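Visitor: I am new to this structure and would love a close look at one part of it. Could you pick a residue, show me what surrounds it, and then walk me outward from there?

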Amino acid sequence: MRSACSFRWHLSSVLVLILILPGFSQTIAPRFETLDVENGLSQNSVYRIFQDRIGFIWFGTADGLNRYDGNTIRVFKYTAPSIAFANSNTVRGLLLEDQQGRIWYANETGIYFYNPVTEKIEQAYDFLTKQGSGFVYYSALALDEQGDFWLLDPGRGVIRFSIYTKLVETFKYPSSIRPGEYALDPQSGKRYFYLQVPNRNGVLRFDKNAHTYDWIFEDLPNVNVVAESTQLFVSKNESLFFYDSTNHRLEPIPIQTISTISYAQQDAFGRYWVATRGDGLHVIDRGKPWVFRNDRSKLKTLPSNFVTRLFIDADQNLWIGMDGGGVSRLDLRPPRFNIFSLSDGDPVMKDYFIRCFYEDDHGRIWFGTLQDGFFIFDPQNKRIKKYSSENGLPGNSVGSIFRDRKGQVWIGYNQGISRFDEATGKFYPVPMEHAQYFNRDDNYVTQIIELPSGELLLSCYYGIYKIEQDKEGRYRCTNWKEFTSRAVGIIQTPDGHYWVASQVQGLYHVYPEEPRTLDTRVFFSRINLKSIHQDEQNPQLLWLSSGAGLIRFDTQTGSYKLYDEQAGIPGSFVYGLLEAADHNFWLSTNSGLCFFDRKNETFQHFTVADGLQSNEFNSGAFYKGPSGTLYFGGIKGFNWFSTGAERPTRTPPRSRVTSVQVNEVVVSHDSTFYFTRSLARPHHQNDYVFEFAVFNYTHPEANKVQYMLTGWDQNWITTDQKVARYSNLSPGSYHFKVRASTGNSAWGPEDQVSILIRSPFWRTAWFYGICSLIVLGMLGAGTRFIAHRKVEKKIRELEMQRAVWEERERISKDIHDDLGTGLSKISILSELAKQSKSADDFTQRQLEKISDSSHELIDNLGELIWSHNPANDSLMKLFWYIREHLSPVFDGTTTVLQLSLPDLTTDRSVPAAWRRNVFLAVKESLHNVLKHAQASRVELDFKVHDQHLHIYITDNGGGFDPSRTTPGNGLINIRKRMADCGGSVSIESQLGAGTQIHLIVPL
């Protein structure tokens, strides 16, 4: 790919004035911007120009097929497989596109096509191998919907080649004739081909439907037919006619040339463009002919007078192909901004630094320059006149031009002011009264206004001057208000007051009755004011242009508002302001022109890419003519336009992704990508470069692009570059979108490429599924293993519990069998001994003690055996045991025991130690009641609540004071037993009111 970035189309339709001495003028000429080998073109001889359905411009040259996208040129050539094959890259005949987007052409060696999938030139038919040698030149004529490719064999006849079947059929000429080297274009998609035959009158016509030949224009010698689209032109020698095929009439076109006409075409605006072989480019505009030829004394001239081909693209650009001169382009549409710009090599007008304007009744434009006087330009006849010190102008730096109500023209310059009589060409200087700071060479006149009285006021560098006329008709210029702050403008408001804008001291509020030396109020004293404008709708409102932005100032209230770069004015520097017919504003700046929509308070920006003379404009160089035309001048000329220039003038351009690189490898040369516009790549191929083109060739440098990678970018990215890069994209689905604008148009249609970056296998759904199954299997196996271990552990615990249970049962049985039997014997023997009468009293008492102790031991042993017997590990059995063994304690006493047991729906298992401690704690509590309470009733109440056993022991005895009573061993034992069970004890008692013991034991 060869870059043509250095080739930038500027305003190729802009007309440049060629200026000479006053009173004599020359016609206009376009500024031709040329694309040649220096810009990437493969060869400077361009024979064919074509635009495909996508938008690319193709050039057929003497050495290859070239494709241009407004930014770069790519050259495509056919490379033969070996030296034995024909290999020519000359493209002279038509470039034709089939339904698959292939570009077809023919030359003397064969039939070729550009394959958009591979982006290579391929050969479809080899003439030298299959047809034999001796053919001078083949020219493509047409490609119809049936896939028939028509071309001209100069030696035999018209050939039909099927691009699908590769079959060739020749329709021989009617006699031994040999048409000229060049085949003439057919009417696009129509029926006839026109063939020029040297040394014979008329034109040979071929009917491609009937496959027959006939002669037309046989009465005209040296005749040729040029056909493009539905237009037919007939050239005879150096004359040109429009051919009306309906009534077979020839209508002459006023052209005079000394060379053969090679091509002709009518544009959408009614102009005829004629290419000649040696006499340049001719145009007939509303019946008036113009001719453009190569002029080596100028820079932007037609590169060659040998014009081979003309082509008008979809955006009304005229492309001019030349033999040896490359290709040029002209914008045929009316410009948004008319322009008077630099004329290359002009010997007279050397200063294009514009300072002021005036539009006269004839529509002529008067403009003053910084150093070269002033000029009068007539846009109708494109003539210009110059006035400077060489022909009487007292000062060459002209800052103001004004016509008063009497019709007199006043020219303000650096040395004062003069009346100008155009009829005689004479200047009449008006003497200026000297001021304190006056310098004759520096009292620049910046603005002239006329008062209702007919007097003229001048804003100058050293004050405000007034021009008055005496009784004898003589004019004099007096110093009305004197100051040294460089006045750049003056306004009179309806109240009769004056407002003077100063470049040094801000805005002066001047009263008419004030003395000559100003001593008045000043606003914005630190602001560099450039101009002042009185609002056309509200005269009390002033608009001030300044180095800080645009200021809206209300003279009634003194309030103001500043519009600067943050509001939308590039650089904030404003030279001047003009109010259009719709009362919106145009501003000149150092960065182009700005349109200010007052209602919405929005700014629209225009630059040199939109047709401006430059991005830099000048102080004082802005003017609204009587016709409503707006004028702005700058450092390279000036622009003029009417209201509505801000509106879009063109259809939004198309754009297209032309190349995709993945990891620095081009992958867009893929048939799948070409037809589906989609790519799928593995996860490690995640660095992408997208190249794209904008198919608007009028001002490629003004084209703007927006792109977005959905799934990655959050918003559109705006740029003037034609490439986008993305690195290290994550796996996923993306859509790269691109759209374009010509700068001030809406955004055009989107082009889209779909990208799928596949996830690595370890991030795919099937991998996740397998991993999930493995994890689930492992979890299941682990769960099963853990459950199995738990079951085994439980079994071991149960076995251990069973062993303990059996051991406890054995111990209980042994204790019962051995100790219980022994104690029973002791008790029986002690009872028998007590009944013996031979025992004395002491022995009797001892035997009673032995008997009581043995009975007590038997009871304690029974309690111990009960507590250790695993068969009794039950809460219900604890309740039954308490009822059976503690209720009898109160038999034979005056105390009645009332027992209340809970109604349990299910029994609970409780350990042996727990049962024993609870039982003994209850037993100890009841014994204490019998011993100390002197109660007539005691209540034993069991309740189960919140996984706890609550035991309430309540008596109606004498009670005691817990704070004064020292706990005995019984209470201590009760607390200890409850603590061993994880429970607690609480006692509530009052003297004379009984006692309640509350035991709480967790279950």
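Guide: Let's start at N618 in this predicted model. Leaving aside residues up to four places away in sequence, N618 touches F353, I354, Y575, G633, G634 and I635. One of these neighbours, F353, is 265 residues away from N618 in sequence, yet the two C-alpha atoms are 7.9 Å apart in space. Another neighbour, I354, is met through a polar contact: the side chain of N618 reaches the backbone oxygen of I354 at 2.8 Å. As for its place in the chain, N618 belongs to strand β56, which covers residues 617-624. Is N618 buried or exposed? Its relative accessible area is 3%, and a residue counts as buried under 20%, so N618 is buried.

With that residue in view, step back to the whole chain. The chain holds 7 helices and 72 strands. Of its 1003 residues, 51% count as buried. Contacts that link distant parts of the sequence can be counted too: among those between residues at least 6 apart, 52% join residues at least 24 apart.

A second buried residue makes a good companion to the first stop. T109 sits in the loop between β10 (103-107) and β11 (110-115). With a relative accessible area of 5%, T109 is buried. Its side chain makes a polar contact with the side chain of N107 at 2.7 Å, and another with the side chain of Y112 at 2.6 Å.

Now let's turn to a strand with a partner on each hand, β25. This strand spans residues 272-276, and 5 of its 5 residues are buried. Both of its faces are covered, with Y272, V274 and T276 on one side and W273 and A275 on the other. Strand β24 (residues 261-266) pairs with β25 in the antiparallel sense over 5 bridges, and Q266 stands opposite Y272. The hairpin of β24 and β25 has 5 residues between the strands, and G270 there takes a positive phi near 85 degrees. β25 also pairs with strand β26 (residues 281-285), again in the antiparallel sense, over 4 bridges. In that pairing, A275 has L281 of β26 as its bridge partner. The hairpin of β25 and β26 has 4 residues between the strands, with G278 at a positive phi near 125 degrees.

What does a small set of strands look like when it is followed from edge to edge? Take the open sheet of 3 strands in the order β17-β18-β19, where the pairing is antiparallel. β17 (192-196) and β19 (212-216) stand at the edges with a single partner strand each, so one side of each has no neighbour in the sheet. From one strand to the next, the twist averages 30 degrees. β17 pairs with β18 (residues 203-207) over 5 bridges, and Y192 has D207 of β18 as its bridge partner.

The last stop is the largest nonpolar core, which has 35 residues. Those with the most contacts inside this core are W914, V922, L926, L940, I951, I953 and L999. Which elements each supply at least two of its residues? They are α5 (875-886), α6 (912-933), β69 (937-945), β70 (948-955), α7 (969-980) and β72 (994-1002). The largest share, 9 residues, comes from α6.

L940 gives a view from inside this region. Leaving out residues up to four places away in sequence, L940 touches I882, L897, Q898, L899, S900, V922, L926, I951, Y952 and I953.

Two of the helices that supply the core deserve a look of their own. α6 has 22 residues and reaches 31 Å from its first C-alpha to its last, close to the 32 Å expected at 1.5 Å a residue. Q934 follows α6, with a positive phi near 50 degrees. α5 has 12 residues and reaches 16 Å, close to the 16 Å expected. At the N-terminal end of α5, S874 acts as a cap, with a side-chain oxygen 3.4 Å from the backbone nitrogen of M876. The buried residues of α5 include L875, M876, L878, F879, Y881, I882 and L886. An α-helix has 3.6 residues a turn, so residues three or four places apart point the same way. I882 brings us back to the core region, as one of the residues that L940 touches.

Definitions and conventions: Residues are numbered from 1 along each chain as its sequence is written. This is a predicted model: local features need pLDDT of at least 70, side-chain atom pairs count only at pLDDT 80 or more; totals for chains, interfaces and linings use all residues. Side-chain values use heavy atoms; hydrogens and water are left out. Buried means under 20% relative accessible area, exposed over 50%, partly exposed in between (1.4 Å probe, protein chains only). Contact means heavy atoms within 4.5 Å. A polar contact is a pair of N or O atoms within 3.5 Å; within protein, one must be able to donate a hydrogen and the other to accept it, and residues adjacent in sequence count only if both atoms are side-chain atoms. A nonpolar core is a set of buried Ala, Val, Leu, Ile, Met, Phe, Trp, Tyr and Cys residues joined through side-chain atoms within 4.5 Å. Two strands pair if DSSP finds at least two bridges between them. Axes are lines fitted to C-alpha atoms, for helices over the stretch in contact, and angles run from 0 to 180 degrees between N-to-C directions. The expected span of a helix is 1.5 Å times one less than its number of residues.
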